[in-house]
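Dear colleague,

Please find the structure below, handed over for your own work. A short account of what was found in it comes after.

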Amino acid sequence: MDFRDSPEEASFRARLRDWLGDNLPAGWAERAPRAGRSDLAEALAWSRKLYEAGYAGLTWPKRYGGGGAPYTFQAILLEELARAEAPDHVNVIGLGMAGPTLMAHGTEAQKSRHLEPILSGEQIFCQGFSEPGAGSDLASLRTRAVRDGDGFVLDGQKVWSSFAHVAHWCILLARTNPEAAKHRGLTFFLVDMHAPGVEVRPLRQLTGDPEFNEIFLTGVRVPAEQVVGEVDGGWAVAMTTLLHERGTLGFALTGRLEVLLRKLVALARTPDGSGVRPADDPLVRDRIARQWVELQGLRFTNYRALTSLARTGVPGPEGSVAKLHWSESNQRLTKLALELLGPEAQLDGDGAVWNGYWQYQQLRSRGNTIEAGTSEVLRNIIAERVLGLPRSR
Amino acid sequence: MDFAFSEEQEMLRESARDFLATRYPLERVAELADGEPGWDPSSWGRLADLGWLGLSVAEDHGGAGATLVEEAVLFEETGRALYPGPFLATVGLALPALEAAAKTVPQALSAVLAGERSATLAWAEPDGPRTIAEAGSAACAATRDGDGWRLTGTKRLVPDVAAAGAVVVVARAEAPGDRQREPAPGAGARAADSVAGVGLWLVDLPAERAVVVPRSTMDTTRRLGDLVLDAAPATLLVPPGEAAPVLAATRLRALAAVACEAVGVTERALRFATEYAGQREQFGRPVGSYQAVSHRITDAYVAGELARSLAYWAAWSVASDEEQAPVACAAAKSAAGEAAVLAAESAIQCMGGIGFTWDHPLHRLYKRAQWIDAFEGHGAAHRRELAAALLDG
């Protein structure tokens, strides 16, 4: 047991910090980071820089164009990127979900067609799992894929797809066998987002940003070689994807929470108009200390998850624990920030405290307990798969 | 970064779990806890044979030269088993003072290592310190008597004092004429003044002029008592003025130790809850299939996993003498104490009437959880310390 960086890890971290200092977009840290389409060009340029510096696909095997680095390096990368408040990589779904899924279940042809372009950002991926009628109960999805010659024709609708408006490819689940039990009739497809019949419409969130989209599929032809895994065997493939969604994300989330807490501390130490520091209120002090304890707990729970990932190659249940707790801790933190602002909290534009940074963070945090597995589903997963409690249905 | 116990440490855990499960199943613990003297003194020699008593003591001093990380495993397992004996008192609380005196009073340490004697630490006083952190304001008076010393004063809240064969007592040496100088008014002056004369002495029990007064304690597996000293003979361990660093180290070590115990208590309580909820049927279904039940257990599990991460971090930080050790210990103690209470309360609720009976061992875990939560102050006290580190200065 050693919580310190090994000499190799320490030198990787130091080089990374230097690189971030030299390469982050100018003035990035001062701008209130808001996810949105406005900085797409910048985000693309940033993603390209990460690739050229070898930071995309750090842990991917070298034969797929990756860096072949241990998982701890990926953890350091995510942590440092988050601490520096670096822009998101536009291909998070390609790197974190599509890539690992293809490595586990893809054909050699699929791997050579997609893996390197995922790293370079030439192929941006989005995800087509959820549907208007299939959210937490994903297996009830209704998008149909009907065999037609040596391919399939897809019809249906997908929703909550981040990056769909810029994506070249979509990892998509569709029903190939309506007769089979609901988990057994699904197939995992790679869908070309520029194929005829694919239409993307933005969806505006309660923050006002159109961060994600609806995808409409009307008679979309998908060749058979774009099936991942077995026909009707898509559920197992999708589970790999979802496991990776939660498995590698923890360090980025904790890094972001660390940044928020640092800002919260700065906010609490700033005297208000009458010279009173929120940081002198014992209740505020207790809540901030609690947030710090939770942050450290999450951080080291991530380390434990990393150890189990490094040993087995498969993310363990700690990922669900960390995501569940992070999302709720993040909501508490951002709400506390608004409380510290008092009546000012309603002002969210130019001239507001930090130009509306906290208002955006607080509103955005409400999505955290819904996206990537609702808190209710995560509790079911932990109850059933970790604690061995009976199924809740 | 490596967040895993080594193979040797895991073997230690396994053997500890075996030993405790065989000799002290919870039914046996309950029997001991409901009777006198409240533990099985014949176990003490076995603990010495197993190498538990000198695990972290330097090899030069007759120990095994391991660290608090190895002991963390034992604290977790003895917590999980609710081992009723002065293990925490001896290893967690008394050892640092005994080892500090390894050169001057070697027989005190070697008697403990040989399993001939258990020990505890007495810091609290009726109108003086309540916590180890405040022990510098002790008023218990140490006076020279020829080559030796005599102690006069009352100590309270002494863990396992009725079981212990010796007590490390925090006291103040008074040279003739010192009395007139006390007390210096003004908190600052008082504190500085206080630490100056404070040292640590060993009182062997039973001793003439030393009376142990057992106090009825909620957790009967770890009873508190008063120690009334009226010119009781004592051996100097740590000279007046030099106790502060030893007490500070003892405190951190004890906080990490009880945090690890709490992790064991949490796991055991949740095991009762999940086993029961998986089998007990109401309305034709196991009660654990109801999310109102399973999610409650899950929340306690999540709190427990974060606490586990923090407890191991704290133990490692103390063992490696990291600068962050004080905040790690404060975080771990507050989180782990509260998680254990939450787990026990959740288990009591999920088990319905059964968990509320005297016959079921759950209440004993609950009471231990509360003992830990109260030790050295509840969670809020430790968060006060963390808030000061985060928000002031």
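The notes below cover the domains, one helix pair and the contact between chains.

This is a predicted model, in which local features need pLDDT of at least 70 and side-chain atom pairs count only at pLDDT 80 or more, while totals for chains, interfaces and linings use all residues. Residues are numbered from 1 along each chain as its sequence is written, and chains are lettered from A and ligands numbered from 1 in the order in which they are written.

Chain A comprises domain 1 (7-90), domain 2 (125-233) and domain 3 (249-386), with bounds from an automatic or database domain assignment. The C-alpha centres of domain 1 and domain 3 of chain A are 22 Å apart. Their contact (C-beta atoms, placed from the backbone, within 7 Å) takes eleven residues from domain 1 of chain A and 14 residues from domain 3 of chain A.

In chain A, helices H8 (residues 282-312) and H9 (residues 318-341) (DSSP runs of H or I, at least four residues, numbered from the N terminus) pack at about 160 degrees, their axes 10 Å apart; axes are lines fitted to C-alpha atoms over the stretch in contact, and angles run from 0 to 180 degrees between N-to-C directions. H8(A) and H9(A) are therefore roughly antiparallel (over 145 degrees).

Between the chains, 37 residues of chain B are in contact with 39 residues of chain A. On the side of chain B that touches chain A, H9(B) gives the most, with 15 residues.

With kind regards

Technical notes. Two residues are in contact if their C-beta atoms, placed from the backbone, lie within 7 Å. Helices (H or I, at least four residues) and strands (E, at least two) are DSSP runs, numbered from the N terminus. Angles under 35 degrees count as roughly parallel, over 145 as roughly antiparallel, 65 to 115 as roughly perpendicular and the rest as oblique.
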